[in-house]
Amino acid sequence: MKRAVKQLSKPPLRLDEIALQADDDSVEKWDLRLYVAGQSPRSVAAFANLKRLCEEHLAGRYNIEVIDLVKHPQLAAGDQIIAIPTLVRKLPQPIRKIVGDLRDTERALVGLQLRPGKS
Amino acid sequence: MTTKSTIDISNGQPALPKAPTGIPGLDDITGGGLPKGRPTLVCGSAGCGKTLLAMEFLVRGATEYGEPGVFMAFEETADELTKNVRSLGFDLNKLVKQKKLVLDFVRVERSEIEETGEYDLEGLFIRLNAAIESIGAKRVVLDTIEALFSGLQNEGILRAELRRLFRWLKDKGVSAVITGERGEGSLTRRGLEEYVSDCVILLDHRVTDQVSTRRLRIVKYRGTTHGTNEYPFLIDEDGLSVLPVTSLGLLHTVSSERISSGVPRLDAMLGGEGFYRGSTVLVSGTAGTGKTSLAAHFANAACQRGEHCLYFAFEESPGQLIRNMQSIGLDLSRWVKNNLLQIHSSRAMFDGLEMHLAMIHKQVQESKPDVVVLDPIGALIQAGTLRDANSMIIRLIDFLKVNGITAMLIDLTSAGEALERTDVNISSIVDTWLLVRDLELAGERNRAMYVLKSRGMRHSNQLREFLITDRGIDLLDVYVGPEGVLTGSSRVSLEARERATALAALQDAERKDRERIRKREALEAKIIALRKEFEIEDTESVLIASQELTRQQRLEKDRSAMAVSRQADQLAVSIPPRRKQSSR
């Protein structure tokens, strides 16, 4: 986790396809994609929060892909990104989107459907 | 509309740079277009044409003004948009291929989105920026950005970000159109007018008496004068057109050229030459008095001169009109075939007044006719209120006059109403008013016509009967009887009586002539007889005279012979020369 945060803060941002994949194929695989714009504090915070969250709840069975829209603006259309940062849960289906820096862990977990939400 | 703006913005100061919309009429009332390099808010309720206005702004910019554009849609996909505007003749796919247009659909789905913590709309900025940079766009449309409010919960962030967005658009120098849904008591539901303050256009879709009309109003436009009225606009197969008709003045040029009404004897009533070109002629009358036939004659005459005629029929279909006119010997179909005559039929109540006005405007601008017939204008009242119909027709007349088009308006006077008034109260603004009416006399109903007024020309004051024959309309001579003007069989009987009298007079004259000839012949015979008598007497007197001479000579001879024989001196003295002569 620390390593990841360090990487994020190091220019240029090079976080693409940090694979922390599970060895065991039998468990549900989580495919997450985080859209950021440059190295804004919000982006950095979002990645840090996401990392922590995944380690706590999805250890060994997740995959985070970070996409920097400043570098790849054309990728924004694919997942209909308007807000930054946005986390997209590609797998498991259905697609879920969580916007914001994931500061509120409870809500993030609800958003990722890792915890039954109030709604 | 004319390219010349009706609003004077050139008062010496350099005018605000404008991005022309290319929408007929809108550039007139905005004095050249939307503010260049600034955002414009277009607001209105659902279905009033916001998206189309925005799209046309982009398409015209790309095709006519060399300004590529980005359309960011929040409600419709690129595919849907392309399909929707294809009916307006815009081929978005082609423009996209030519790199003149970018369509970007932004989907914001509340159910998919969870918010946690802070965020901003940088993603939107990046997308928009990428789209702008990809084709060097000068125009941007955000339709409808309010969709963000339904997709994202944090209004505080949204508002801050929107403010930043419009600031950013200004800094980019793109002319942007932002659409917004009309809200209760405010221009937009989410108060977008707070952020976009340079130019606000309000579209309205109003239903009065079950007839809907679209209207456009410029609520504000900083740094420039603009038309402030509500202008009707129209969406049809060529896109939008706004009608700045109320900005028309009375400054049209007039023509002193005269054109025929199509009925030679009617021309004779109108100073011998017919109507003025560019004037407005009103034909009013009760049902079945031949108003449409008159109009058809007028149209026919125009086509015969090789002029273009637009005939708006609100009660008959083109086929019906042509067939009916065929029966009075007018072949309108040949003019339709060679495009001199265009007949547009539509029921008046199908569309709103403004729609009709817009449609007429459009048709007139497209086909540039010399002559326009509206049959009947009273039908338009059904499409709106009397007051609206009145103002619409006045605007229409102004519009036709400005374009130098001669117009014939047909008005049906309802039975029982005063003849010399029109349902739409336009009699004071028409130039020539022909009144056709029924004359009920001796158990018959006959048609009569008179020129109630005709400005600027000497016109007949006679009430003339007119017949609709299988060779067209014929105006007859005036027959005035003891009860007034005679028409129909009264006229026919008067005509017969007059014929009988004339015949009697003729016969009388012939008889007198014969008498005269006979008298002369008698006189001449007498003269001959007298002359003969005289000749006899004359011959006789000559004979007597010669006999007398002979007798006297003989007497003298005898006397001298006697004297010789008597040797009388006195006789010798009396005739000495003869003797001398004889002695010599």
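**Exercise 1. The surroundings of Ser255(B)**

Task: In this predicted model, determine which residues Ser255(B) touches beyond four places in sequence, and decide whether Ser255(B) is buried, exposed or partly exposed.

Solution.
1. Leaving out residues up to four places away in sequence, the contacts of Ser255(B) are Tyr276(B), Arg277(B), Gly278(B) and Gly404(B).
2. Ser255(B) lies in the loop between β12 (239–242) and β13 (258–259) of chain B.
3. A further distance concerns Ser279(B), 24 residues from Ser255(B) along the chain: the two C-alpha atoms are 8.5 Å apart.
4. For the burial class, a residue counts as buried if 20 or more other C-beta atoms lie within 10 Å of its own, and as exposed if 12 or fewer do. Ser255(B) has 13 other C-beta atoms within 10 Å and is therefore partly exposed.

**Exercise 2. Strand β7 of chain B**

Task: Establish why strand β7 (residues 139–143) of chain B is described as largely enclosed, and identify the strands with which β7(B) pairs.

Solution.
1. Five of the five residues of β7(B) are buried, so the strand is largely enclosed by the rest of the structure.
2. The side chains can be assigned to two directions. In a regular strand, side chains alternate between the two faces of the sheet. In β7(B), Arg139(B), Val141(B) and Asp143(B) point one way, whereas Val140(B) and Leu142(B) point the other way.
3. One partner is strand β4 (residues 69–73) of chain B, joined to β7(B) in the parallel sense by five bridges. Within this pairing, Ala73(B) has Asp143(B) as its bridge partner.
4. Another partner is strand β8 (residues 175–181) of chain B, also parallel to β7(B), with four bridges. Here Val140(B) stands opposite Ala176(B).

**Exercise 3. The nine-stranded sheet and β16**

Task: Give the strand order of the nine-stranded sheet of chain B, and locate strand β16 (residues 309–313) through its bridges.

Solution.
1. The order is β17-β16-β18-β19-β15-β20-β21-β22-β23 in chain B; the sheet is open and its pairing mixed.
2. The edge strands, each paired on one side only, are β17 (341–345) and β23 (472–475) of chain B.
3. Averaged over the sheet, neighbouring strands are turned by 20° against each other, direction ignored.
4. Helix α14 (residues 488–566) of chain B packs on this sheet, touching β20 (432–441), β21 (444–454) and β22 (464–469); the direction of the helix makes about 95° with that of β21(B).
5. β16(B) pairs in parallel with β17(B) over five bridges, and Leu310(B) has Gln342(B) as its bridge partner there.
6. Five bridges also join β16(B) to strand β18 (residues 371–375) of chain B, again in parallel. Cys309(B) stands opposite Val371(B), and Phe312(B) has Leu374(B) as its bridge partner.
7. Five of the five residues of β16(B) are buried, so this strand is largely enclosed by the rest of the structure. Cys309(B), Tyr311(B) and Ala313(B) point one way, and Leu310(B) and Phe312(B) the other.

**Exercise 4. Cys309(B) in the nonpolar core**

Task: Name the residues that touch the most other members of the largest nonpolar core, and list the contacts of Cys309(B).

Solution.
1. The largest nonpolar core has 172 residues, of which Leu34(A), Phe71(B), Ala299(B), Cys309(B) and Val373(B) touch the most other members.
2. Outside its neighbours within four places in sequence, Cys309(B) contacts Ala299(B), Ala302(B), Cys303(B), Leu340(B), Leu341(B), Pro369(B), Asp370(B), Val371(B) and Val373(B).

**Exercise 5. Chain A and the interface**

Task: Describe the order of elements in chain A and the composition of the contact between chains A and B.

Solution.
1. Chain A has three helices and five strands, which run α-β-β-α-β-β-β-α from the N terminus.
2. Of its 119 residues, 38% count as buried.
3. The contact takes 30 residues from chain A and 22 residues from chain B. The elements of chain A that give two or more residues are β5 (96–99) and α3 (105–111). The chain A side comprises 18 nonpolar, five polar and seven charged residues.
4. Pairing also crosses between the chains: three bridges join β5(A) in parallel to strand β6 (residues 113–115) of chain B, with Ile98(A) opposite Glu114(B).

**Exercise 6. Confidence**

Task: State the confidence of the complex and find where pLDDT is below 50 at residues 1–12 or under 50 at residues 579–584 of chain B.

Solution.
1. The predictor gives an ipTM of 0.75 and a pTM of 0.64 for the complex.
2. Chain B has a mean pLDDT of 82, and 89% of its residues reach 70 or more.
3. Residues 1–12 of chain B have pLDDT below 50, and this stretch has 20 contacts beyond near neighbours in sequence. Residues 579–584 of chain B stay under 50, with one contact beyond four places in sequence.

Terms used. Residues numbered from 1 in each chain as written. Chains lettered and ligands numbered in written order. Predicted model: local features only at pLDDT ≥ 70, side-chain atom pairs only at ≥ 80, totals over all residues. Contact = placed C-beta atoms within 7 Å. Nonpolar A, V, L, I, M, F, W, Y, C, P; charged D, E, K, R; others polar. Pairing = 2+ DSSP bridges. Axes fitted to C-alpha atoms, helices over the stretch in contact; angles between N-to-C directions. pLDDT = per-residue confidence, 0-100. Core = buried A, V, L, I, M, F, W, Y, C linked by C-beta atoms within 7 Å.
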